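Let's take a walk through this one together, starting with the whole chain and ending at the ligand. Here it is.

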Amino acid sequence: MADYIIRPIKNKDIPQVAEIDHEAFPGEWVFRSHPSYKQDFNNPIARYIVASTELNRQGVQQLPLFKRLFSPNHSPNKGKPKTEYIIGFAGFWLMLKDAHITTIAVRNNYRRIGIGEGLLISIIGLATQLDATAVTLEVRASNKMAQALYEKYGFQTVGRRLRYYSNDGEDAILMCTDDIASASFQSHFQQLKMAHAQRHNEVSTRLF
Ligand SMILES: CC(C)(COP(=O)(O)OP(=O)(O)OC[C@H]1O[C@@H](n2cnc3c(N)ncnc32)[C@H](O)[C@@H]1OP(=O)(O)O)[C@@H](O)C(=O)NCCC(=O)NCCS
């Protein structure tokens with residue numbers, strides 16, 4: 001299990017985020033140059049977050065986060081140089097009351113350990129704080145693993161965009177939540193969030 005935090009993106013994260021983007025979306029980079037990432041991340045209607053872990057100089061993960069927080073003097077890694085390693089990122093554009101997810105991706109070696117779900121929880125939480133009423137997204141028709149993640153969080157298929165992806169002409173499925181401020185959505189969301197926290201209990205989120 002990786003110990004990681006979720007925090008707002010910083011410009012210094014761009015090279016690592018570009019690596020993840022390239023790996024996750026081969027042939028269809030969401031953005032193509034470092035200046036265009038910077039432009040999008042700083043767009044006032046955009047919110048981007050990263051999942052980040054720490055490696056020491058040897059590329060070995062640091063102590064679990066809670067141990068570092070509560071026993072900093074006992075860390076055997078104390079004093080050794082640390083490298084922040086970005087393992088996933090996600091973002092959305094807030095358009096009126098609609099939080100439209102533009103991307104969510106996790107490094108190959110860090111998949112299936114709850115990080116994508118942690119990012120989605122943070123996005124929905126942030127969209128709720130910003131008074132969005134729905135979260136929407138497009139996903140490749142063949143991308144069943146991402147669709148499974150979204151369905152778990154109550155997204156429903158509401159449309160199909162034919163030949164949406166220009167690099168290979170694949171269709172996109174358009175998915176949307178119910179009103180995220182509604183009692184029924186929030187009750188389901190809080191249950192899932194709690195279950196995720198119990199399963200992956202070393203995550204800490206520092207949002208805006
Ligand atoms: C989609 C993606 C972000 C999921 O991230 P992840 O960290 O591996 O996912 P998690 O471990 O948090 O899994 C959360 C849920 O997603 C679904 N899921 C993730 N990977 C899956 C897989 N290989 N098969 C089936 N379901 C999967 C499951 O519902 C899972 O819940 P569960 O653990 O209760 O079964 C990741 O696979 C990725 O980066 N893919 C490439 C980029 C991409 O396709 N992004 C989506 C664009 S719309």
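Before we look inside, one term: a residue counts as buried if 20 or more other C-beta atoms lie within 10 Å of its own. By that yardstick, 26% of the 208 residues of the chain are buried. Keep in mind that you're looking at a predicted model.

Now for the overall layout. The chain has eight strands and six helices. Trace them from the N terminus and you'll read β-α-α-β-α-β-β-α-β-α-β-β-α-β. How much of the contact comes from residues far along the chain from each other? Take the contacts with a separation of 6 or more: 69% of them join residues 24 or more positions apart.

Next, pick out a pair of helices. Two packed helices are described by the distance between their axes and the angle between them. For α4 (residues 115-129) and α6 (residues 183-199), the axes come within 11 Å and cross at roughly 145°, and the crossing is left-handed. On the α4 side you'll find Glu-117, Gly-118, Ile-121 and Ile-124, which meet Phe-189, Lys-193 and His-196 of α6. That makes three nonpolar, two polar and two charged residues in this contact.

Helix α4 turns up again around the ligand. The shell there has 19 residues, and Arg-111, Gly-116, Glu-117, Met-145 and Leu-149 come nearest. Elements giving two or more residues to this shell are β4 (98-106), α4, β5 (134-140) and α5 (144-152). Which one gives the most? That's α5, with five residues. As for character, the shell divides into 12 nonpolar, four charged and three polar residues.

Terms used
Residues are numbered from 1 along each chain as its sequence is written. This is a predicted model: local features need pLDDT of at least 70, side-chain atom pairs count only at pLDDT 80 or more; totals for chains, interfaces and linings use all residues. Helices (H or I, at least four residues) and strands (E, at least two) are DSSP runs, numbered from the N terminus. A residue is buried if 20 or more other C-beta atoms lie within 10 Å of its own, exposed if 12 or fewer, and partly exposed in between; C-beta atoms are placed from the backbone. Two residues are in contact if their C-beta atoms, placed from the backbone, lie within 7 Å. Axes are lines fitted to C-alpha atoms, for helices over the stretch in contact, and angles run from 0 to 180 degrees between N-to-C directions. A crossing is left-handed if the near helix is turned anticlockwise from the far one by less than a right angle, and right-handed if clockwise. Ala, Val, Leu, Ile, Met, Phe, Trp, Tyr, Cys and Pro count as nonpolar, Asp, Glu, Lys and Arg as charged, and the others, Gly among them, as polar. A residue is near a molecule or strand if its C-beta atom, placed from the backbone, lies within 6 Å of it.
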